[in-house]
Amino acid sequence: MGSSHSRIVLQAPVIAHSARPGQFVSIFIDKPETSVSPHPNTMQFWHARSSPELHPCLLPRPFSIHRVLGDKVELAFKITGRGTRKLAGLRPPASLDIIGPLGKPFSPDPHRGVSVLVGGGAGLFPLFLLAEALRKSAKEVYVFGGAEWRLPHDCSDSSVTLSFLESDVTVAIDQFEELGCKSRVASERGAKGAYHGRVTDLLKLFLESGAGRSPAEIEVFACGPWEMLKTVARISRRWGIPCQTLLEQRMACGLGACMGCVVPTRATAYKRYKRVCREGAVFDAQEIDWDGT
Amino acid sequence: MEPDISTRLGKLELHNPIVIASGVFGFGTEFPEISDFDFDGVGAITLKSITLKPSPGNPPPRIAETASGIVNSIGLQNPGVEELLQRILPSLPELPCPIIANLSGSTVEEYRELARLVSSSARISAIEVNISCPNVKKGGVAFGSDPEASREITSAVRSETDLPVLVKLTPNVTDVKPITLSVIEAGADAISLINTLRALVIDPELRKPLLGGKYGGLSGPAIKPVALYHLRQAYLVAREYGIPVLGMGGIGSFLDAVEFFLAGASAVAVGSALFWDHLLCKRIKEGLVHWMKEHGIHSLPQLTGALQEDS
């Protein structure tokens, strides 16, 4: 899926049948062998032979659920480090220990008929499961994806077309279209075929144009970089439109026990920090202290 | 015959010597919700550290994985002792093992008050005193690096409770022996060590510390040799007074546990490894029993401190 993103499909019936949009799974990428055997060893980790990495991934990695197909769970993610690189390099038949579904899912308002989904880069992927559910409840769904293209050399030539955008984002947009969502892609560097600007501009334009909808009918769901979400939150607040954001944070236990994966909220004093793995990953946008980091 | 893996830390009797360390298990509710978590192999659990007043903890990020370890800068986020006693403990389901409370304070008086309050709960079987906290009155130097401050805190806690008192030492000292001696003289029933190693994680692109709390504590497999070193030093003092030691730091397998017993531990605790192996306690218990049988060891006291040092 291009060199910067990857997809993986996992046979996981229990998770597939209980997963709700916005939830995630926790994946143990390297497996410790701590067995009682004739040749016991303190700790042996499996890791890909082709990898020059010496160090196994210890902590499980969280991944939002992109899609569910029958008994299978599909994840789509950006390759950002050791863990994602190893995961991207896996080929069947491989088996992984995973826990899920985890976290609080999106909760669409049944009384609002228009959903606007805003995804920045890989933030678009978890919105797909939501889009499916929204379309099933016959909602009108608009999807705005923000992407930048990655060429080996820096280039500001606006003749670069959509096909050079992080191809995974355009593939994802196609998937949304197949569901009957209306979509647009934004590119700050002005790739042809994309709106020249930020994905948050698309949200603003949509709300300003009215599109025949009153704010009372609309709700916003967003996932992407922190600064993008902060802007989405601000726009939604100005329009009085409810907005749910799917956040991420470095995790250790992934279960809520260690208090590692927190984000700052506007609650006071000791209630300030909330766990992405428990109180989130979906948060009401107005609950978050966007200036808190 | 099945080896006897029971042990004691002062008056605290444990059916098996594997304790869950403070900080990784919250207040006991999250892990059991996961489908395959099993209390088999868990000798006791230590609760997340509690402070007198609720504490928000450090800004995120709070976690960074390193080579063979984790650096955390949680910052002791917890709802405070009142919430623990009024709401959390009363609604905690019955657990098949004793519960150890872990206390953190910024002044001696806070430790005293915490010990008094926590001792009133029937759910708590022992108190572990976290003296790695910065001494606010002495410019933020950890209590646990100063034998006198460690003595004061231990005395204060001792005077407020009849529960077994474990004092948890910090490895961020040149020599744990004077601290060990001070806390034993002040009435500790057991020593536990090590806490995390002081660490710094840097984001080279931002040119800033990666963690919100700036500095953090290193745990995990990387620290095992350091833990064993400090454990050994503490044991050489503690054994002169018949005081047991709870050893921890990077344990991830039963053989690691055996090494800790040999160095002087009467019980062991696991922390970080629980994050990547939820059934670790069960595996260690089974592995330990198997190993003891193979080596003709009938009970743990035969192993504790049996490290052969010629000098």
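This is a short talk on a predicted model of a complex, covering chains A and B and a few residues in them.

I'll begin with confidence. The predictor gives the complex an ipTM of 0.93 and a pTM of 0.92. For chain B the mean pLDDT is 96, and 99% of the residues reach 70 or more.

Now chain B as a whole. Chain B contains eight helices and 18 strands. Its radius of gyration is 18 Å, close to the 19 Å that the globule rule gives for 311 residues, so chain B is as compact as a globular protein of that length. The C-alpha trace spans about 55 × 50 × 50 Å along the principal axes. Of the 311 residues in chain B, 60% are buried. If you take the contacts in chain B between residues at least 6 apart in sequence, 72% of them join residues at least 24 apart. The accessible surface of this chain is about 12200 Å², and carbon and sulfur atoms account for 51% of that. Chain B has 26 positive and 34 negative charges, and the mean positions of the two sets are 5 Å apart.

Chain A, briefly, with the matching numbers. It has six helices and 17 strands. Buried residues are 53% of its 293 residues. Among its contacts with a separation of 6 or more, 70% are between residues 24 or more positions apart. Chain A exposes about 13200 Å², with 51% supplied by carbon and sulfur atoms.

Next, one helix in chain B. Which residues of α5(B), residues 177-185, are buried? They are Ile179(B), Thr180(B), Ser182(B), Val183(B) and Ile184(B). As a reminder, an α-helix has 3.6 residues a turn, so residues three or four places apart point the same way. The buried residues of α5(B) pack against two helices, α4 (147-160) and α6 (224-238), and two strands, β11 (165-168) and β12 (190-193), of chain B. After α5(B) comes Gly187(B), with a positive phi near 115°.

We can look at that packing from the other side. Thr154(B) is in helix α4 of chain B. Is Thr154(B) buried or exposed? Its relative accessibility is 1%, and the cut-off for buried is under 20%, so Thr154(B) counts as buried. Beyond its neighbours within four places in sequence, Thr154(B) is in contact with Val167(B), Val183(B), Ala186(B), Gly187(B) and Ala188(B). Val183(B) is one of the buried residues of α5(B) named a moment ago.

On to the backbone, with prolines to start. In chain A, the peptide bond from Pro92(A) to Pro93(A) is cis, with omega near -5°. Pro93(A) sits in the loop between α2 (82-89) and β8 (97-102) of chain A. In chain B, the bond from Pro60(B) to Pro61(B) is cis, and its omega is near -5°. Pro61(B) belongs to the loop between β4 (44-46) and β5 (63-66).

Last, two residues in chain B that are not glycine and have positive phi. Arg207(B) has phi near 60°. It is in the loop between β14 (202-203) and β15 (208-209). Its relative accessibility is 74%, and exposed means over 50%, so Arg207(B) counts as exposed. For Lys214(B), phi is about 70°. Lys214(B) is in the loop between β15 and β16 (215-219), and with a relative accessible area of 43% it is partly exposed.

How values were computed: Residues are numbered from 1 along each chain as its sequence is written. Chains are lettered from A and ligands numbered from 1 in the order in which they are written. This is a predicted model: local features need pLDDT of at least 70, side-chain atom pairs count only at pLDDT 80 or more; totals for chains, interfaces and linings use all residues. Side-chain values use heavy atoms; hydrogens and water are left out. Helices (H or I, at least four residues) and strands (E, at least two) are DSSP runs, numbered from the N terminus. The radius of gyration is taken over C-alpha atoms; the globule rule is 2.2 Å times the number of residues to the power 0.38. Buried means under 20% relative accessible area, exposed over 50%, partly exposed in between (1.4 Å probe, protein chains only). Contact means heavy atoms within 4.5 Å. Accessible areas come from the Shrake-Rupley method with a 1.4 Å probe; for residues, only the protein chains shown count as cover. Lys and Arg count as positive and Asp and Glu as negative; His and the chain ends are not counted. The place of a charge is taken as NZ of Lys, CZ of Arg, CG of Asp or CD of Glu. pLDDT is the predictor's confidence in each residue, from 0 to 100.
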